[in-house]
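Thanks for taking a look at this one with me. Below are a few notes to help you find your way around.

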Amino acid sequence: MSELRELYQEVIFDHNRRPRNRGPLPGANREARGHNPLCGDRITLRLQVEDGVIREARFEGEGCAISTASASLMTEALRGRPVEEAEALFRRFHALVTGEGQPPGEGPPLGKLEVLAGVRAFPSRVKCATLAWHTLEAALHGGGTVTTE
Ligand code: ZN
């Protein structure tokens with residue numbers, strides 16, 4: 001079990017050091033900003049959605065290792081995914097990191113996103129891990145700015 005935890009930490013470390021899909025997205029047609037005042041994490045998420053499918057997802061912003069790694073892992077998980085499936089993934093991810101209920105049995109597998117399961121033990125970190133996902137919800141539902149407080 002501790003080996004698994006080390007592996008998880010390694011993935012988070014790697015995604016924080018070399019975030020995937022970080023930068024502007026010129027062809028974006030969805031955008032939202034997220035702010036986690038408790039930790040100071042800020043994210044701007046941009047998506048290119050076509051025919052109900054997220055073709056591209058990129059983010060910008062500054063934050064702690066958990067929020068950066070989570071945004072990086074999320075954008076990787078979103079690319080090429082239908083919007084409905086992305087929302088189902090968010091519900092499963094949210095259940096995973098909050099420990100509230102079991103992840104719904106139906107739906108896409110969490111895959112690499114499971115490396116963030118460890119934040120469950122640290123309530124303040126849950127907000128860091130879910131910030132990108134709340135920002136995704138905002139981007140898919142009209143944009144604007146979301147805050148975790
Ligand atoms: Zn944070």
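Which helices and strands each supply at least two residues of the lining of the largest cavity? Please keep that in mind as you read; the model is a predicted one.

1. Let's begin with the sheet. Five strands form an open sheet in the order 4-3-2-1-5, and their pairing is mixed. At the edges sit strand 4 (81-82) and strand 5 (145-147), each of which pairs on one side only.

2. Within that sheet, have a look at strand 2 (residues 41-50) and strand 3 (residues 53-62), which are antiparallel and share nine bridges. One pair to find on screen is L45 with its bridge partner in strand 3, F59.

3. Next comes the zinc ion. Its coordinating atoms belong to C39 (SG), D41 (OD, listed twice), C64 (SG) and C128 (SG), at 2.2 to 2.7 Å. Along the chain, the donors have the spacing C-x1-D-x22-C-x63-C. C64 is in the loop between strand 3 and helix 2 (65-78), while C128 is in helix 4 (residues 123-140), so this pair ties together parts 64 residues apart in sequence.

4. Are these two cysteines, C64 and C128, buried or exposed? C64 is buried at a relative accessible area of 15%, and C128 is buried too, at 1%.

5. Now back to the opening question: the answer is strand 2, strand 3, helix 2 and helix 4. Strand 3 gives the largest share, four residues. The largest cavity holds about 80 Å³ of space. Its lining has 13 residues, and R42, I43, S67, T68 and A71 are the closest to the centre. By type, the lining splits into five nonpolar, four polar and four charged residues.

Technical notes
Residues are numbered from 1 along each chain as its sequence is written. This is a predicted model: local features need pLDDT of at least 70, side-chain atom pairs count only at pLDDT 80 or more; totals for chains, interfaces and linings use all residues. Side-chain values use heavy atoms; hydrogens and water are left out. Two strands pair if DSSP finds at least two bridges between them. Donors are N, O and S atoms within 2.8 Å of the metal (3.2 Å for Na, K and Ca); water is not among the atoms, so sites may look incomplete. Buried means under 20% relative accessible area, exposed over 50%, partly exposed in between (1.4 Å probe, protein chains only). On a 1 Å grid over the protein atoms alone, a cavity is a set of points where a 1.4 Å probe fits but cannot get out, and a pocket is an open set with protein on both sides within 12 Å along at least five of seven lines; lining residues have an atom within 4 Å of a point. Grid points are joined across faces, edges and corners, and a volume is the space filled by probe spheres set on the points. Ala, Val, Leu, Ile, Met, Phe, Trp, Tyr, Cys and Pro count as nonpolar, Asp, Glu, Lys and Arg as charged, and the others, Gly among them, as polar.
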